[in-house]
Protein chains: 2
Amino acid sequence: MLTTDLLTVGEVAHRSGFAPSALRFYERQGLVHATRTSGGQRRYERNVLRRLAFIRAARNVGLTLDEVAAALDTLPDKRTPTKEDWSRLSRTWRQRLTDEIAALTRLRDGLESCIGCGCLSLRSCAFSNPQDHFAQTGPGAALLPERLRQPTGR
Amino acid sequence: MLTTDLLTVGEVAHRSGFAPSALRFYERQGLVHATRTSGGQRRYERNVLRRLAFIRAARNVGLTLDEVAAALDTLPDKRTPTKEDWSRLSRTWRQRLTDEIAALTRLRDGLESCIGCGCLSLRSCAFSNPQDHFAQTGPGAALLPERLRQPTGR
DNA sequence: CTGATAGTTGAAGTCAACTTCAAGTCAAGG
DNA sequence: CCTTGACTTGAAGTTGACTTCAACTATCAG
């Protein structure tokens with residue numbers, strides 16, 4: 001055990017639930033910061049835990065790491081998020097979740113009305129519609145927000 | 001234009017909205033089938049369009065290709081999905097969507113109750129909780145179904 | 001001082017679902 | 001027959017968020 005108030009990567013990993021490799025990765029991405037011992041090992045200040053908590057929360061809500069980085073960058077002095085920061089940012093997350101819920105609900109209800117029809121028409125069925133490819137109007141357009149779509153490999 | 005009722009990969013691509021490369025990929029994965037000309041080019045039967053519509057619908061709902069393949073394999077004779085197949089399978093998709101909506105709703109409502117608290121405690125806050133790592137009981141457990149989680153790179 | 005445990009690095013690997021590429025071959029209208 | 005556009009292949013690349021590896025090095029309890 002260290003007697004200082006600095007934490008090793010292992011300690012931070014254990015307390016935050018992130019793997020040490022993830023912590024190193026986040027450091028390379030500029031999401032968290034660590035000082036070094038004379039021997040080159042990482043030492044973290046205690047507030048990194050709060051920052052990591054923020055990161056995990058954002059990831060749980062569905063933000064990408066780039067978005068998390070952008071959010072953290074909006075904080076003056078690159079400070080660790082305060083209660084007010086959290087409050088402000090989480091409000092925009094709420095909207096995002098609300099939009100995603102709405103999209104999934106539309107999808108499910110469309111599916112509901114489609115069960116039993118069995119059409120699966122490439123031209124008119126909302127479910128088999130390649131997004132907007134055919135549907136000039138009507139359902140099928142933008143069925144899901146970006147992050148709920150399966151990755152396309154692009 | 002061909003005078004037969006067989007479709008070229010370009011025609012199928014255009015009518016289905018899938019890229020030719022995706023059609024070839026699906027063939028390698030055993031999701032669709034094509035015969036060949038003497039010169040080695042693909043020729044598709046018309047019912048491949050329905051099969052592709054099914055695939056797109058499933059993807060829109062969030063199934064992985066493996067799941068789509070599994071679903072198609074439940075059909076006797078590896079037939080193209082009929083109205084009844086579609087009806088039966090889409091019913092299970094509905095449940096899946098319902099579960100995902102419920103999960104997102106729980107997440108949002110938790111966020112709601114968390115705005116203003118600003119705790120972000122690694123031990124008790126549902127949002128910063130590494131899934132189940134700390135929470136023996138209470139909130140934070142299994143915040144999101146698998147497919148709504150950001151990929152972890154595993 | 002020593003040995004166990006924990007830490008270091010850069011490079012490469014993983015996963016899904018494709019896309020892109022290079023280097024050629026086929027099909028069909030004129 | 002010829003040209004043009006569509007098609008063929010296997011291999012490698014893409015994206016995001018990491019993990020894994022090999023080969024060392026540091027820290028610290030005893």
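The exercises below, each with a worked solution, concern a predicted model.

Residues are numbered from 1 along each chain as its sequence is written, while chains are lettered from A and ligands numbered from 1 in the order in which they are written. Because the model is predicted, local features need pLDDT of at least 70 and side-chain atom pairs count only at pLDDT 80 or more, whereas totals for chains, interfaces and linings use all residues.

**Exercise 1. Describe the secondary structure of chain A and the confidence in the chain.**

Step 1. Helices (H or I, at least four residues) and strands (E, at least two) are DSSP runs, numbered from the N terminus. Chain A has five helices and two strands, in the order α-α-β-β-α-α-α from the N terminus on.

Step 2. The pLDDT is the predictor's confidence in each residue, from 0 to 100. Its mean over chain A is 81, and 71% of the residues reach 70 or more. In residues 132-141 of chain A the pLDDT is below 50; this stretch has 13 contacts in the model beyond near neighbours in sequence. Two residues are in contact if their C-beta atoms, placed from the backbone, lie within 7 Å.

Step 3. Among contacts in chain A between residues at least 6 apart in sequence, 47% join residues at least 24 apart.

**Exercise 2. Classify Ser90(A), Trp86(B), Leu107(B) and Pro20(B) as buried, partly exposed or exposed.**

Step 1. A residue is buried if 20 or more other C-beta atoms lie within 10 Å of its own, exposed if 12 or fewer, and partly exposed in between, with C-beta atoms placed from the backbone. Of the 154 residues in chain A, 30% are buried.

Step 2. Ser90(A), in helix H5 of chain A, is buried because 24 other C-beta atoms lie within 10 Å. Its C-alpha atom is separated by 8.4 Å from that of Ala58(A), 32 residues apart along the chain.

Step 3. Trp86(B) belongs to helix H5 of chain B and is buried, with 24 other C-beta atoms within 10 Å. Leu107(B) also lies in helix H5 of chain B; its 23 C-beta neighbours inside 10 Å make it buried.

Step 4. Pro20(B), in helix H2 of chain B, has 14 C-beta neighbours inside 10 Å and therefore counts as partly exposed. Leaving aside neighbours within four places in sequence, Pro20(B) is in contact with Val9(B), Gly10(B) and Ala13(B).

**Exercise 3. Check the span of H3(B) and determine how far this helix is enclosed.**

Step 1. The expected span of a helix is 1.5 Å times one less than its number of residues. For the 14 residues of H3(B) this gives 20 Å, which agrees with the 20 Å between its end C-alpha atoms.

Step 2. Twelve of the 14 residues are buried, so H3(B) is largely enclosed by the rest of the structure. Among them are Leu52(B), Ala58(B) and Val61(B).

Step 3. Just after H3(B), Gly62(B) takes a positive phi of about 115 degrees.

**Exercise 4. Identify the central members of the largest nonpolar core.**

Step 1. A nonpolar core is a set of buried Ala, Val, Leu, Ile, Met, Phe, Trp, Tyr and Cys residues joined through C-beta atoms within 7 Å.

Step 2. The largest core has 52 residues, of which Leu52(A), Ala58(A), Val61(A), Leu52(B), Ala58(B) and Val61(B) touch the most other members. Helices H2, H3, H4 and H5 of chain A and of chain B each supply at least two residues of this core.

Step 3. Not counting residues up to four places away in sequence, Ala58(B) touches Leu63(B), Val68(B) and Ala71(B).
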